[in-house]
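Subject: Structure for your review

Dear colleague,

Please find below the structure that I am handing over to you. My findings follow it, and I would be grateful if you read them with the model open.

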Amino acid sequence: MDGAGLPQVRSTCPYCGVGCGVLLRPDGAGGLGVEGDPAHPANRGRLCSKGMALGQTVGLEERLLAPRVDGVETGWDTALDLVATRFSETIAKHGPDSVAFYVSGQLLTEDYYVANKLMKGFIGSANIDTNSRLCMASTVAGHRRAFGTDTVPGIYDDLEEADLVVLVGSNMAWCHPVLFRRLAAARAERGTKVVVVDPRRTATCEIADLHLKLRPGTDVALFNGLFAHLREVGALDMRFLLEHTTGFDEAFRAASADQIDATGLAAGDVARFYRMFAATERTVTVFSQGVNQSSTGSDKVNAILNCHLATGRLGQPGQGPFSVTGQPNAMGGREVGGLANMLAAHLDLEDAGHRAAVRSFWSAPAMAESAGLKAVEMFRAVGDGRIKALWIAGTNPAVSMPDADAVRDAIRGCAFTVVSDITARTDTARLADVLLPATGWGEKDGTVTNSDRTISRQRPALPAPGQARHDWAIFAEVGRRMGWAEAFDYRAPAEIFREHAALSKIAGGFGRDFDISGLADLSDAGYEALEPVRWPVSANRTGGRFFGDGRFFTPDGRARLIPVRQAAPATRRSPRYPFRLNTGRTRDQWHTMTRTGLAPRLSRHLAEPFLQIHPSDAETVGLEPAGLARVTSPQGSAILRVLISEDAAIGAPFAPMHWTGETASAGRVDALVAPMTDAVSGQPESKASAVAVTPFEAG
Ligand code: SF4
């Protein structure tokens, strides 16, 4: 209890995929005290700067408190009837694929479940995609190619049990800070070796024994070279390869054909890394957006997985490839199938047996039969009029999508756009025909899943402000008004969670990884009291690692080594656009700053958008320290403060992706990013856009 006599609430941080537990202390006047939860297995009481500032981000400032139609406040009935009618009419006239939902890794699993069920089972289209497509779709594709399912093999404890941790395309110090502290503590206590693979020197390099500052986009060449080296020095696990994998010969042939020179690394550094990897059984390779956000992201993932499969190093303490997700519930979205190419419960949309099972479970009248439009394709279809009704929930694609100016114009031109969010002030919300007020973190009630498969509760500590409603309730109400009253007759998130858990039993029956059927009979009180629990949770097994037994989720039960070859980024440079723009996060901001922008202490770290550029590049184009640079691509333009630093890669300046605004001077960096995607995953290439950089004189 706190001083005001209000009960303390256990919840989960709404930012990154570490999924830290928080203790919330309402002050009785709309404010919240926030501390780390010592009992949560992800953070054990720790919080980073963003988590600690959560209390500064609640309150009614800039909140959307009532539905609006064409900018005018109205009642829920009017707004919901309009949404249901316009979606129904559009579907009747143009077919189910003329509508789309674009949702968010900020949504809770229960929100995601209802939206996915409505689109895939009742509307009859798979046109539901998510901003998680921008975050980890290449990992999903890589996992599915290698393991048969989108399965994260390891757990966070592996970082503390490893002797070598390789961080690839991961600025963990800023993007997953609490996990970084766990790794740093393990390094201090037990001498864990750390290798960072990143074209840029980041804060993460402070604990690196070796930093491989490779050329942007050459990760496949590095790991293919490692694969060949492991064979050369006899470090392969032949028994594991023979008994539990297929595809070795093709994958090895492809790996051997690549040249390590492509990386631009010094031979001595490469040799040292390869020796460390070959000699260290307890090795974890962590990878994140530097791997995923690429036109060859899926191949990069599989190049890493190949090395772990070839050495049999996965599913054991301190061993394995480990993807860390950017968002708080990217994993929960994957579990319910909230991506355009996935079914629910990690089942396959392209498998008729899986579709029939889900159809039967939902009593679905119009099951989607093929993949829908992935994020970049979806907004292209909005722009050319194929999508005529669009619902965007809890995300700001007019700022965060590649080619953001074109996306903003596409949304503006869409025949009917609904936005459900906590605020009306995002660039996307300003374009909506219908704005629906949603509850936000601190008010929401449901579950999220973090990067190591731990399901945690987000619990409300504050009442819903104004007329705001939970996202699941809004989607369910529209489903009811579209004619599916029984299927969307949910009254509480516990009911949705139980249905989700029961559906996962089907996945278990098909021998799939995602099975939480052990939670299907959870009572309301049990749901309320649910402790963090790592899936699977079934009659057969609970939590732990996958694949230590050598059994995978492919038809023959063997993992697949995938042949991959080094390839240049799809976005081509030219004399006019000679640089490669790398984009990413800063330590104290989150996405487009809808929430973190409210916390003054978070703006003290880096107060404005900037371009970090190598001194030699700055000299070439004539930039002055702390001056302004105009950055231009074929897609758009931004004005950024110049930060000259040897940490930047030569030829590849870096700019953060958080800042927003109507004008280029606000540093709207995703307006520069080319809408090129990975052919397998559909994930955009956010780290290699071809740009020009010139000095900018204000006035
Ligand atoms: Fe939140 Fe991530 Fe920071 Fe943990 S590490 S407090 S989940 S932002």
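Which residue in E15 is the bridge partner of Ile-392? In this predicted model, that partner is Val-419.

This pair belongs to a wider arrangement around strand E14, which covers residues 389-393. E14 and strand E15 (residues 416-421) run parallel and are joined by five bridges. Strand E6 (residues 99-103) also pairs with E14 in the parallel sense, through four bridges; here Ala-100 has Leu-390 as its bridge partner. Five of the five residues of E14 are buried. Ala-389, Trp-391 and Ala-393 lie on one side of the strand, Leu-390 and Ile-392 lie on the other, and both faces are covered.

Helix H13 comprises residues 297-310. Because each residue should add 1.5 Å, its 14 residues are expected to span 20 Å, and the 20 Å between its end C-alpha atoms agrees with this. In H13, 14 of 14 residues are buried. Gly-312, just after the helix, has a positive phi of about 65°.

The ligand is surrounded by 14 residues, of which Cys-13, Cys-16, Cys-20, Cys-48 and Gly-51 come nearest. Nine residues of this shell are nonpolar, four are polar and one is charged. Domain 1 (9-57) and domain 3 (136-326) each contribute at least three residues to the shell. Helices H1 (49-52) and H7 (177-190) each supply at least two.

Finally, an unreviewed UniProt entry lists residues 6-62 as "domain: 4Fe-4S Mo/W bis-MGD-type". That span is 7% helix and 26% strand, with its end C-alpha atoms 26 Å apart.

Yours sincerely,
A colleague

How values were computed. Residues are numbered from 1 along each chain as its sequence is written. This is a predicted model: local features need pLDDT of at least 70, side-chain atom pairs count only at pLDDT 80 or more; totals for chains, interfaces and linings use all residues. UniProt positions are given in the numbering used here, feature names are shortened, and annotations may be inferred rather than shown by experiment. A residue is near a molecule or strand if its C-beta atom, placed from the backbone, lies within 6 Å of it. Ala, Val, Leu, Ile, Met, Phe, Trp, Tyr, Cys and Pro count as nonpolar, Asp, Glu, Lys and Arg as charged, and the others, Gly among them, as polar. Domain bounds come from an automatic or database domain assignment. The expected span of a helix is 1.5 Å times one less than its number of residues. A residue is buried if 20 or more other C-beta atoms lie within 10 Å of its own, exposed if 12 or fewer, and partly exposed in between; C-beta atoms are placed from the backbone. Two strands pair if DSSP finds at least two bridges between them.
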